[in-house]
Amino acid sequence: MMIDKVIVPNSLRARPGEATIDLRLPWYRTLPLSTVEVEAVKVDGAPIDADRLTFDLNGQSWNVSDMRGLTGENWFVTDIATLHIAGLQLQQGTTHDVEVLVNLYPPYILGMRRAVRWTRSMEAN
Amino acid sequence: MTDLSSKAEIKLGTTLYSLTNEFHQLKYGFEDLVREVAKRGLGPGLEIVGFQSIRTFPSVTDEFADNFAALIDETGLELSCLSINADATINRDRPMTMAESVAYHEQQICSAAKLGFPVARFQYAASPEVIERLAPLAEKLEVKLGLEIHAPHSIHHPDVVGYREMYERVGSPYLGFIPDFGASSRAVPKCYIDYFKWRGISDEMIQTALEIWHEDMEPFVRRAKYLKWTADNGKDEVAAVEVAVVFNLFSRQPLENWLELMPQTVHVHGKFFAVDENGEDNSIDYASIIPLFVCGGYRGYISSEWEGHQVSDDDGFEKIFRHHEMEKRLLAQAA
């Protein structure tokens, strides 16, 4: 199944001025990023504002609010994306619950939305 | 019903979609996945999903095509179908124009031909107008275009009827249908119910969905009815959307409906979820479907399509093996 694979295990990293996690596309085929929405992220229950979230893929970075326009940017099904959470300073070795809600809008099923919400407890490394 | 059994020639096969977990979880690369299908005798037919297996899709590089040809030669598998996609709403603010959709499909059909696939599975979101414009290309490249009839569509739904009428008018042997057995299910698969329970979704939410699923009403209305119930009753919205997939993945229609389309059936998606110790799938009545397709004179492949990978990490190869064993038994009985 994919829902529990959306947050890559052991991917929480504490870096100066930010934290990052790795994401996998929770779908069976490549999707354009315009059909992928990072709706919500929470760390230890605290919601993170979208303007602090940057999505890295294919050597590029975007704020999550700007992904809707990325019709020409594909997330290949086996590739890993990185989500940066600006302003989240974690201590290495501490454990945190990271929750994401990723919506997928498969472009071949009109009106369909797949909601993938998952929480993973990870040690910041 | 006229018995056309003497005309039937049904070959089994596998779509790599069934092995989504093995691929997604990086247990097998694409080529090794194909080799394993061959090694385990899960052919002879091989179907792949362009946007799953091929990074550059809808384009295919010469290198990929050459490697793929060598791989098929090595394994002895037979190419049955390339699944292509309509992708009408890549831009969520406006659907593709007809010209854009024609071009988008053209690329994929050309890739199907380049790879040697005799059939391309397309989806209803393409529209009859687009597919009509692609019929000459299909004929030129000798790639049959098959509309997959997937839940919640029935053969009588206006979306499907539009294609049937266009097919009749155009009269091309390169335009056909691909039944997906999930569109003639008898029950929601147990593995999905187990999954929802594992997700902590209430029995009330699950049971209400099942009741609506079994109600006699237009299938497309069921999902909206369920989501209205969940909203009116203050249910968690994300959980509701999760459960609502049952209305898109499996639906009911009389199995005999497939006979109406049999002369134009170019491929089959043998959707299944779990073949049990009695050799049956609780959600799809294979014991009735296989004899129906034999009697209907179907000539082509059935791709074993295990979709339970959405809700479990069970071994896909094992699932397909059991499916093939069941199909072989039923084919032998129907002969």
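In this predicted model, helix α6 of chain B covers residues 128-141 and contains Ile131(B). Ile131(B) counts as buried, because its relative accessibility is 1% and the cut-off for burial is under 20%. Beyond its neighbours up to four places away in sequence, Ile131(B) touches seven residues by name: His105(B), Phe122(B), Ala126(B), Leu145(B), Tyr163(B), Met166(B) and Leu175(B). Asn248(B) lies 117 residues from Ile131(B) in sequence. In space, the C-alpha atoms of Ile131(B) and Asn248(B) are 23 Å apart.

A second buried position in chain B is Gln108(B). This residue belongs to helix α5, residues 98-115 of chain B. The relative accessible area of Gln108(B) is 0%, so the residue is classed as buried. Outside the four places on either side in sequence, Gln108(B) is in contact with Phe51(B), Phe57(B) and Pro58(B). Leu82(B), Ile84(B) and Asn85(B) are also in contact with Gln108(B).

Chain B also meets chain A. The contact draws 41 residues from chain B and 36 residues from chain A. Together the two chains bury about 3,500 Å². Carbon and sulfur atoms account for 55% of that area. On the chain B side, His24(B), Arg55(B) and Arg92(B) supply 23% of the area buried against chain A. No other three residues of chain B supply more.

Polar and charged links cross this interface. The rule finds 6 salt bridges between chain B and chain A. In one salt bridge, the side chain of Arg68(A) meets that of Asp93(B), with an N to O distance of 2.9 Å. Residue pairs in polar contact across the interface number 19, with both residues at pLDDT 80 or more. Four elements of chain B each give two or more residues to the side that touches chain A: α1 (20-24), α3 (50-53), α8 (190-198) and α11 (237-243). By residue class, this side of chain B divides into 17 nonpolar, 14 polar and 10 charged residues.

Chain A contains an open sheet of 4 strands. The strand order is β5-β4-β10-β11, and the pairing is antiparallel. At the edges stand β5 (46-47) and β11 (114-123) of chain A, each pairing on one side only. Strand β4 of chain A, residues 36-43, pairs with β5(A) over 2 bridges in the antiparallel sense. Within this part of the sheet, Lys42(A) stands opposite Pro47(A) of β5(A). Strands of a sheet pair through backbone hydrogen bonds.

Another antiparallel pair in chain A joins β6 (residues 53-57) and β7 (residues 60-63) over 4 bridges. Leu57(A) stands opposite Gln60(A) in β7(A). Strands β6(A) and β7(A) form a hairpin, with 2 residues between them. In the turn, Asn58(A) has a positive phi of about 55 degrees.

Strand β1 of chain A, residues 13-15, holds Arg13(A). The relative accessibility of Arg13(A) is 19%. Burial requires a value under 20%, so Arg13(A) counts as buried. Apart from residues up to four places away in sequence, Arg13(A) touches Glu18(A), Ala19(A), Thr20(A), Ile21(A) and Asp22(A). Thr82(A) and Asn125(A) are also touched by Arg13(A).

Conventions. Residues are numbered from 1 along each chain as its sequence is written. Chains are lettered from A and ligands numbered from 1 in the order in which they are written. This is a predicted model: local features need pLDDT of at least 70, side-chain atom pairs count only at pLDDT 80 or more; totals for chains, interfaces and linings use all residues. Side-chain values use heavy atoms; hydrogens and water are left out. Contact means heavy atoms within 4.5 Å. Buried area is the accessible area (1.4 Å probe) that two parts lose on being put together, summed over both. A salt bridge is a side-chain nitrogen of Lys or Arg within 4 Å of a carboxyl oxygen of Asp or Glu. A polar contact is a pair of N or O atoms within 3.5 Å; within protein, one must be able to donate a hydrogen and the other to accept it, and residues adjacent in sequence count only if both atoms are side-chain atoms. Ala, Val, Leu, Ile, Met, Phe, Trp, Tyr, Cys and Pro count as nonpolar, Asp, Glu, Lys and Arg as charged, and the others, Gly among them, as polar. Two strands pair if DSSP finds at least two bridges between them. Buried means under 20% relative accessible area, exposed over 50%, partly exposed in between (1.4 Å probe, protein chains only).
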